Amino acid sequence: MCGRYATTANPARLAVELDALDETGDGSANAASAAAGASATEVPAARDGANYNVAPTNQVLTVVRRHDHDHPDDDPALRIRRMRWGLIPVWTKAAEPGVPAKGKPLFNARADRAATAPSFRDAVKKRRCLVPMDGWYEWLTEPHPTGSGKAVKQPYYMSDADGNRLYMAGLWSVWRDPAQRDMRPLLSCTILTTDAVGDLTRIHDRMPLMMPREHWDAWLDPDHPAPHELLETPAPQVVSSIVARPVSPLVNSVRNNGPQLLDPVPGADSEEAGQISLI
């Protein structure tokens with residue numbers, strides 16, 4: 001976890017909301033996908049940015065704070081960037097010109113170990129980001145509905161009760177093929193996870209590390225390490241607005257996409273469907 005999520009964030013609108021620079025673009029996103037060797041069966045996001053079944057290797061929106069390349073002495077600014085979900089360490093070798101060799105799918109990183117893990121420790125120091133999402137999916141093994149037969153894995157969708165956008169702590173990396181200096185660098189990211197808290201533990205023992213707005217400045221600061229406490233398991237109050245509901249198993253396949261994936265289990269109201277407040 002977190003291995004699937006949903007987002008309706010549009011980069012242009014997100015940039016306005018956050019007073020950030022929109023550094024996304026079809027050209028750079030497509031180039032990054034090609035460089036990463038994206039699967040031909042990958043379901044693309046809609047033109048407005050909506051993707052209800054985001055999976056590893058997809059291009060995703062991230063928020064970073066960086067200095068201007070041409071004016072490094074200026075104050076750093078918030079920037080919206082597209083990155084491949086699944087961090088590619090800088091030391092990864094090229095499988096072919098401009099294409100990184102395949103390795104472990106580093107789409108998650110444990111927050112309590114990232115600072116010492118070879119794949120993530122450099123990013124913890126100076127390349128931290130936020131990953132905006134509407135909510136995320138997790139699977140819970142439950143008895144068969146008929147009371148007989150094999151247990152089933154029921155997908156649940158976790159989101160803010162009021163529909164507010166969530167921002168998860170992430171790390172990012174810049175990969176370049178030393179032999180292809182004229183090619184655009186490949187940006188990639190991972191989502192940090194931590195121990196689940198509150199009733200969320202009923203569904204899974206891990207959860208993405210939510211980053212409250214008051215900690216953004218410290219988390220995104222490109223010039224200083226993040227305070228250690230930001231990597232610790234948050235208090236239950238941080239997820240007090242999160243609710244979970246069972247949704248259709250259509251989400252099990254990355255080929256399925258659309259708002260119908262967020263619909264509650266048919267024929268069940270919120271109480272019967274097991275919607276819970278995670279505190």
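Buried means under 20% relative accessible area, and by that cut-off Trp 85, at 0% relative accessibility, counts as buried. Keep that cut-off in mind for the views below, which come from a predicted model.

**Figure 1. An overview of the chain and its contacts.** Welcome to the whole protein before we zoom in. The chain holds four helices and 16 strands. Of its 279 residues, 48% count as buried. Among the contacts between residues at least 6 apart in sequence, 71% join residues at least 24 apart.

**Figure 2. Trp 85 and Phe 107 meet edge-to-face.** The count of aromatic pairs in this model comes to five. In the one shown here, the ring centres of Trp 85 and Phe 107 are 5.8 Å apart and the planes stand at 75°, so the pair is edge-to-face. Trp 85 sits in strand β5 (residues 77-85), while Phe 107 belongs to the loop between β7 (99-100) and β8 (108-110), so their pairing ties together parts that are 22 residues apart in sequence. The two partners are worth checking for burial: Trp 85 has 0% relative accessibility and is buried, whereas Phe 107, at 22%, counts as partly exposed. Look for Tyr 5 in this view as well, since ring pairs link Tyr 5, Trp 85 and Phe 107 into a cluster.

**Figure 3. Tyr 137 and Tyr 157 form a tilted pair.** Here is another of the aromatic pairs, with 5.2 Å from centre to centre and 50° between the planes. Tyr 137 comes from strand β10 (residues 135-142) and Tyr 157 from strand β11 (residues 152-160), so this pair ties together parts that are 20 residues apart in sequence. Both Tyr 137 and Tyr 157 are buried.

**Figure 4. Arg 127 is a buried arginine with a tryptophan beneath its charge.** You will find Arg 127 in the loop between α3 (121-126) and β9 (128-133). Its relative accessibility is 18%, so Arg 127 counts as buried, the limit being under 20%. The side chain of Arg 127 makes a polar contact of 3.4 Å with the side chain of Asp 122. Arg 127 also lies over the face of Trp 172, at 5.6 Å from the ring centre. Leaving aside residues up to four places away in sequence, Arg 127 touches seven-membered company you can pick out by name: Arg 66, Asp 122, Gly 170, Leu 171, Trp 172, Ser 173 and Val 174.

**Figure 5. Arg 128 places its charged end over Trp 219.** The charged end of Arg 128 sits over the ring of Trp 219, 5.6 Å from the ring centre. Trp 219 leads us straight to the next view, as it is one of the residues that touch the most other members of the largest nonpolar core.

**Figure 6. The largest nonpolar core holds 31 residues.** Good landmarks here are Leu 18, Val 63, Leu 171, Leu 192 and Trp 219, which touch the most other members. Several elements each supply at least two residues of this core: α1 (11-18), β4 (59-66), β5, α3, β12 (166-175) and α4 (216-220). Apart from this core lies another, of 30 residues, including Leu 140, Met 168, Val 174 and Ile 191. Back in the largest core, try following the neighbours of Leu 192: beyond residues up to four places away in sequence, they include Ala 109, Ala 114, Leu 171, Met 207, Trp 219 and Leu 231.

**Figure 7. Cysteines without a disulfide.** How many disulfides does the structure hold? The structure holds zero. Cys 189 is in none, and the nearest cysteine sulfur, that of Cys 129, is 5.3 Å away, whereas a disulfide needs the sulfur atoms within 2.5 Å. At 0% relative accessibility, Cys 189 counts as buried. Cys 2 is buried too, likewise at 0%.

**Figure 8. Asp 19 and Thr 57 have positive phi angles without being glycines.** Asp 19 has a phi of about 55° and lies in the loop between α1 and β2 (21-22). With 70% relative accessibility, Asp 19 counts as exposed. Thr 57 has a phi of about 85°, and its place is the loop between β3 (51-54) and β4. Thr 57 counts as partly exposed, at 27% relative accessibility.

Conventions:
Residues are numbered from 1 along each chain as its sequence is written. This is a predicted model: local features need pLDDT of at least 70, side-chain atom pairs count only at pLDDT 80 or more; totals for chains, interfaces and linings use all residues. Side-chain values use heavy atoms; hydrogens and water are left out. Buried means under 20% relative accessible area, exposed over 50%, partly exposed in between (1.4 Å probe, protein chains only). A polar contact is a pair of N or O atoms within 3.5 Å; within protein, one must be able to donate a hydrogen and the other to accept it, and residues adjacent in sequence count only if both atoms are side-chain atoms. Contact means heavy atoms within 4.5 Å. Rings of Phe, Tyr and Trp (its six-membered ring) pair if their centres lie within 6.5 Å; planes under 30 degrees apart count as stacked, over 60 as edge-to-face and the rest as tilted. A charge sits over a ring if NZ of Lys or CZ of Arg is within 6 Å of the ring centre and within 35 degrees of the ring normal. A nonpolar core is a set of buried Ala, Val, Leu, Ile, Met, Phe, Trp, Tyr and Cys residues joined through side-chain atoms within 4.5 Å.
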